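Here is a short set of exercises to work through with the model open beside you. Try each task before reading its solution.

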Amino acid sequence: MKKCCNCGTMNNDEAKFCEECGNATFTNVTQRECPHCHVLNDPESQFCESCGQSMTTVEQPAATIKSEMAESKSKPIEAYTNQVDSQQISEPKQGDQKTSKSKQTKMIAGIALLVLLGGGYFVYNASTKNQPKPKAVSSSKVAKSVKPKQSESKRETASSQVEQPTVKETAKLNFDREKVNSDLDQSITPLEGTNSVYVSPVNSDEAIVRSNRVQRSASAIKLYILVTAYAMDKEGLFDLNERHMVESDEKVGGTGVIRELPDGTSLTYREILNDMITKSDNTGANIMIDALGGFTIINNKIKAIGAQDTKLQRKMMDTAALADGIDNETSAQDMGQTLKKLYNRELVSKTADDEMLNILANNQNHTKLPALLPSQAKVYNKTGEFGDYGVQNDAAIIANDKGAFVVVVLSQDGSEKQQVAAMNQLGSALYRDILG
């Protein structure tokens, strides 16, 4: 576990940002084992979050308590019995008959009194047992009520209500490496140019990576602009609900619809990000680059989430930068691992990751890896294409009710027709062999 240095909230070891305040600075801590049920807890917990018992005292076993209660109940009778047995009752002497009779009378009266008291005790105890016991309040609930956990996001968005795919977390996908490699050999290996591939189930560390290297990202880089925006919003450094006035000098060519809007149109950054992904809007991407603070800030965030081969180095449609050899870059492994974290809600926060997945689910370009998939397949993807450099990319999460896997294909210096056909074939084959 990692403790946030800002708000003190405990986070998972894989967390990059605090789920409570978005801070990126943590202190490693050791969890405490509950002395009752042995479940690991927050080191500062006073009560176990599993069984509700105190973390500092060990409750006496119920069997021992019952034994001691039974023993304590029997002690008054046993003590008196021992007392009676220990007395030596002998034939009274003739001179002491009156005294003896007096003692006997007192003894009988004492026994009768003891029987009455003992009977009353057991009747009271039996009636108490038959009464309904009040329902105990779990101590773990009491502990949590002292410091209620806040929701992950202060804002509720409509997109968070979009239905997510139901995936059995415990389901073991049939990741047959021999079949997957055969699918790659038949589809991607024959392609000309430079090609790299990443394939992995979302619930496994197992992956097949072919020829991983830094390649041109084209519009696939927009995935990282999206992630940066949501990460900065989580940290309180950016407001996705803030509005932006679209100006004429911001509009660029290529894909997208924002350039067609009248000058002065007001859009929230959430709306701009949605167009940037679902319609691969170039104008939207450039607006977000400026709004987030430029290349350095975005690249720092990219490195923070573990994408070491990915760099944003130019704006969309910047032909001058391209002429100077400057381009945006990524790798199949970077994109695959990023999508995997996103699907497992381990990238920014559950709320943010859900919203980003909803945006990717509405991407309009399904002409590559998802093209031949059946209707029940759920797809979250971002493509990239740049015909002048023979670039055709697709990074996708493909899911159904059996599970999900990630597949990324980056292809450059090739023929668009052959590249797209190969991706069509690969997407269909992997769906059959992994989720079929």
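A charge sits over a ring if NZ of Lys or CZ of Arg is within 6 Å of the ring centre and within 35 degrees of the ring normal. Keep that rule at hand for Exercise 1. The model is predicted, so local features need pLDDT of at least 70 and side-chain atom pairs count only at pLDDT 80 or more, while totals for chains, interfaces and linings use all residues. Residues are numbered from 1 along each chain as its sequence is written, and side-chain values use heavy atoms, with hydrogens and water left out.

**Exercise 1. Find which residue lies over the face of Tyr389, and which over the face of Tyr343.**

Step 1. Start at Tyr389: Arg216 lies over its face, 3.9 Å from the ring centre.

Step 2. Move to Tyr343, where Arg345 is over the face at 5.6 Å from the ring centre.

Step 3. Now check how covered Tyr389 is. Buried means under 20% relative accessible area, exposed over 50%, and partly exposed in between (1.4 Å probe, protein chains only). With a relative accessible area of 24%, Tyr389 is partly exposed.

**Exercise 2. Count the aromatic pairs and describe the one formed by Phe238 and Tyr269.**

Step 1. Apply the rule: rings of Phe, Tyr and Trp (its six-membered ring) pair if their centres lie within 6.5 Å; planes under 30 degrees apart count as stacked, over 60 as edge-to-face and the rest as tilted. The count comes to three aromatic pairs.

Step 2. Phe238 and Tyr269 make a tilted pair, 4.9 Å centre to centre with 45 degrees between the planes.

Step 3. Place the two rings. Helices (H or I, at least four residues) and strands (E, at least two) are DSSP runs, numbered from the N terminus. Phe238 is in the loop between α5 (222–234) and β9 (243–245) and Tyr269 is in helix α6, so the pair ties together parts that are 31 residues apart in sequence. Both Phe238 and Tyr269 are buried.

Step 4. Compare with Phe386 and Tyr389, an edge-to-face pair at 5.1 Å centre to centre and 80 degrees between the planes.

**Exercise 3. Work out how covered helix α6 is and what its buried residues pack against.**

Step 1. Eight of the 10 residues of α6 are buried, which leaves the helix mostly covered. Among them are Tyr269, Ile272, Leu273 and Met276.

Step 2. These buried residues pack against α5, β9, β10 (266–268), α7 (282–292), α11 (350–361) and β12 (378–386).

Step 3. Look at Glu271, which is also in α6 (residues 269–278). Glu271 counts as partly exposed because its relative accessibility is 37%.

Step 4. Contact means heavy atoms within 4.5 Å. Leaving aside neighbours within four places in sequence, Glu271 is in contact with Arg243 and Ser266.

Step 5. Follow the chain past the helix to Ser280, whose phi is positive, near 50 degrees.

**Exercise 4. Identify the side chain with which Asp290 makes a polar contact.**

Step 1. Find Asp290 in helix α7; at 48% relative accessible area, this residue is partly exposed.

Step 2. A polar contact is a pair of N or O atoms within 3.5 Å; within protein, one must be able to donate a hydrogen and the other to accept it, and residues adjacent in sequence count only if both atoms are side-chain atoms. The partner is the side chain of Lys315, at 2.7 Å.

Step 3. Along the chain, Asp290 and Lys315 are 25 residues apart, and their C-alpha atoms are separated by 9.6 Å.

**Exercise 5. Decide whether Ala422 and Asp433 are buried or exposed, then list what they touch.**

Step 1. Ala422 is in helix α12 and counts as buried, at 5% relative accessibility.

Step 2. Not counting residues up to four places away in sequence, Ala422 touches Ser187, Ile188 and Leu191. Ser187 is 235 residues from Ala422 in sequence, yet the two are 4.9 Å apart, C-alpha to C-alpha.

Step 3. Asp433, also in α12 (residues 416–435), is buried with a relative accessible area of 11%. Beyond neighbours within four places, Asp433 is in contact with Asn174, Lys179 and Asp183. Its side chain also makes a polar contact with that of Arg432 (3.1 Å).
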